[in-house]
Amino acid sequence: MSEIKKIKNLKEFSTSADRFEGANLLCPGCAHSIIVREVLNATNDDLILSASTGCLEVCTAVYPYTSWDASWIHIGFENGSTAVAGAEAMYKALKTKGRLKQPDREPKFVSFAGDGASYDIGFQWISGCMERGHNMMHIVLDNEVYANTGGQRSSSTPIGSSATTSPAGRISYGEKKNKKDMISIMAAHQIPYAAQVAPNKWKDMVKKIQHGLAVEGPVFINAMSACTTEWKFDPKDTMSISDLATDSLVFPLYEIID
Amino acid sequence: MANKGWDEFEIGAMLRSFNGPVSDVALTHQEDRDYSENNSFTASVADWRIEKPVFNKDYCIDCQFCWIYCPDISIISRDKKMVGVDMDHCKGCGICVEVCPTNPKSLLMYSEQTDEEEALAAWPSKETGEK
Ligand SMILES: Cc1ncc(C[n+]2csc(CCOP(=O)(O)OP(=O)(O)O)c2C)c(N)n1
Ligand code: SF4
Ligand code: SF4
Ligand code: SF4
Ligand SMILES: [Mg+2]
């Protein structure tokens with residue numbers, strides 16, 4: 001196993017060289033990129049990444065530009081997880097055959113996807129990745145809504161939320177169903193690690209990401225991503241809104257080990 | 001680009017982030033990287049801004065809250081010190097100002113056309129909390 005990057009405090013963390021670039025087209029104040037930065041900066045290892053269709057993918061790979069300084073692939077809405085699983089399976093096979101070009105490097109395999117792409121549309125693909133035991137991490141950028149297509153509810157949308165397909169108003173208080181308990185479902189795959197994180201609690205998040213990257217086997221991470229456009233708050237308030245959500249335990253942070 | 005029919009587009013594209021081979025990108029800062037023209041680092045979103053952050057290093061304690069929470073990799077920190085704002089990539093969200101803990105703040109938002117020297121000269125003084 002490669003050495004875990006030492007991050008004692010924020011000053012030390014700030015010496016990281018980002019592998020995610022600006023002039024992407026995410027909204028000002030979008031938490032997706034804060035999450036991606038904290039994940040990528042948590043390690044110095046080589047990275048094999050994917051993003052499923054959604055704001056992150058759409059805004060960071062606008063031809064002829066890419067905002068990624070690591071190997072990155074996008075295929076469709078549902079299969080970012082399996083794309084990374086495929087790369088990981090190939091890596092293992094080449095390693096076994098002694099055909100790796102850089103056998104001393106131990107790349108990390110990470111797939112990013114929205115809640116729509118994870119809780120709904122890519123659900124069985126992620127389940128397959130977890131069940132087959134790939135050495136990879138799947139990270140949900142959980143803004144609890146289909147943000148990229150205009151704010152439709154997903155099965156991650158919590159009860160009482162007003163989404164464009166479950167609006168609050170005279171007839172209804174909004175979304176009627178509880179948020180799907182995705183972490184429990186993933187933990188039921190008997191994976192070594194599942195955790196809920198939020199970028200405003202950077203130390204907790206980086207610690208969990210580093211643990212997830214270090215364990216052998218599939219890891220599931222649900223990361224809260226405050227969405228200025230669909231949650232309808234001022235872009236400058238991304239961190240204070242996130243603090244409200246985590247400190248009130250509306251979005252609790254926890255982990256499930258083994 | 002010449003007009004193409006609906007069935008004539010390429011089904012996939014591969015973009016290179018850098019010119020030539022690279023190793024240890026994670027240990028190489030932006031100024032030492034050979035970015036390709038396809039890397040969004042070479043593009044700018046400066047025209048998205050209505051307001052811009054101005055940095056006053058006299059009050060900065062290098063806590064790096066602005067660095068960690070800037071969504072757009074626009075807080076330049078080197079050797080544990082906050083150096084300044086990358087004005088090509090800053091979208092003017094204002095998060096860095098909100099999270100700056102000093103009194104007075106070391107970052108403040110000003111209209112895009114504000115002269116930086118003037119802003120610094122008229123920097124607000126410490127808030128005492130008294131009316
Ligand atoms: C198979 C398929 N169905 C629907 C779409 C349209 N679509 C593109 S992005 C998107 C919303 C993505 O939502 P989510 O996964 O939550 O990511 P977010 O944009 O919120 O980050 C949808 C429905 C698509 N591209 N492919
Ligand atoms: S709509 Fe929301 S998730 Fe999408 S880029 Fe904007 S802030 Fe980010
Ligand atoms: S205004 Fe926003 S984008 Fe600009 S430096 Fe501050 S946090 Fe970064
Ligand atoms: S948040 Fe304020 S005090 Fe902290 S490093 Fe940034 S400018 Fe300096
Ligand atoms: Mg979403």
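What percentage of the 258 residues of chain A count as buried? In this predicted model, the share of chain A residues that count as buried is 56%, and the legends below take up chain A, chain B and the ligands in turn.

**Figure 1. Overall view of chain A, with its nine helices and seven strands.** The radius of gyration of chain A is 18 Å, close to the 18 Å that the globule rule gives for 258 residues, so chain A is as compact as a globular protein of that length. The C-alpha trace of chain A extends over about 65 × 40 × 40 Å when taken along its principal axes. Of the contacts in chain A that link residues at least 6 apart in sequence, 70% are between residues at least 24 apart. Chain A has an accessible surface of about 10,800 Å², and carbon and sulfur atoms account for 56% of that surface.

**Figure 2. Close-up of helix 2 of chain A, which covers residues 31-40.** This helix is mostly covered, since ten of its ten residues are buried. The buried residues of helix 2 include H32(A), R37(A) and E38(A), together with I34(A), I35(A), V36(A), V39(A) and L40(A). One of these residues, H32(A), also belongs to the surroundings of ligand 2, which is the subject of the next view.

**Figure 3. Close-up of ligand 2 and the chain A residues around it.** Among the residues that surround ligand 2 are the cysteines C27(A), C30(A), C55(A) and C227(A), and the shell also includes L26(A), N143(A) and A147(A). Sorted by class, the shell around ligand 2 holds six nonpolar and four polar residues, and no charged ones. T228(A) and T229(A) are also part of these surroundings, and T229(A) is located in the loop between strand 6 and helix 9 of chain A. With a relative accessibility of 43%, T229(A) counts as partly exposed. Although T229(A) and G151(A) are 78 residues apart along the chain, their C-alpha atoms are separated by 8.8 Å.

**Figure 4. Close-up of backbone features in three loops of chain A.** The peptide bond that leads from Y63(A) to P64(A) is cis, with omega near 5°, and P64(A) belongs to the loop between helix 3 (55-60) and strand 2 (71-73). K232(A), in the loop between strand 6 (219-224) and helix 9 (238-247), is a residue other than glycine with a positive phi, near 60°. The relative accessible area of K232(A) is 64%, and K232(A) is therefore exposed, as the cut-off for this class is over 50%. L249(A), in the loop between helix 9 and strand 7 (255-257), likewise is a residue other than glycine with a positive phi, in this case near 65°. L249(A) is exposed, with a relative accessible area of 60%.

**Figure 5. View of chain B, with its three helices and four strands.** Read from the N terminus on, the elements of chain B follow the order β-α-β-β-α-β-α. The radius of gyration of chain B is 20 Å, whereas a compact globule of 131 residues would have one near 14 Å. Along its principal axes, the C-alpha trace of chain B spans about 70 × 35 × 25 Å. In chain B, 44% of the 131 residues count as buried, and the chain exposes about 8,100 Å², of which carbon and sulfur atoms supply 50%.

**Figure 6. Close-up of the two domains of chain B.** Domain 1 of chain B takes in residues 15-44, and domain 2 takes in residues 45-121. The centres of these domains, taken over C-alpha atoms, are separated by 24 Å. Where the domains of chain B meet, seven residues of domain 1 are in contact with seven residues of domain 2.

**Figure 7. Close-up of ligands 3 and 4 and a cis peptide bond in chain B.** Ligand 3 is surrounded by 14 residues, of which C70(B), C90(B), C93(B), G94(B) and C96(B) are the closest; by class, its shell has nine nonpolar, three polar and two charged residues. Ligand 4 is surrounded by 13 residues, the closest being C60(B), C63(B), Q64(B), C66(B) and C100(B), and its shell has nine nonpolar, three polar and one charged residues. N103(B) and P104(B) are joined by a cis peptide bond with omega about -5°, and P104(B) is found in the loop between helix 2 (95-99) and strand 4 (107-111) of chain B.

Technical notes. Residues numbered from 1 in each chain as written. Chains lettered and ligands numbered in written order. Predicted model: local features only at pLDDT ≥ 70, side-chain atom pairs only at ≥ 80, totals over all residues. Heavy atoms only, no water. Near = heavy atom within 4 Å. Nonpolar A, V, L, I, M, F, W, Y, C, P; charged D, E, K, R; others polar. Helix = DSSP H or I, 4+ residues; strand = E, 2+ residues; numbered from the N terminus. Rg over C-alpha atoms; globule rule 2.2 N^0.38 Å. Buried < 20%, exposed > 50% of the residue type's maximum accessible area, 1.4 Å probe, protein only. Areas by Shrake-Rupley, 256 points an atom, 1.4 Å probe, with all protein chains shown as cover. Domains from an automatic or database assignment. Contact = heavy atoms within 4.5 Å.
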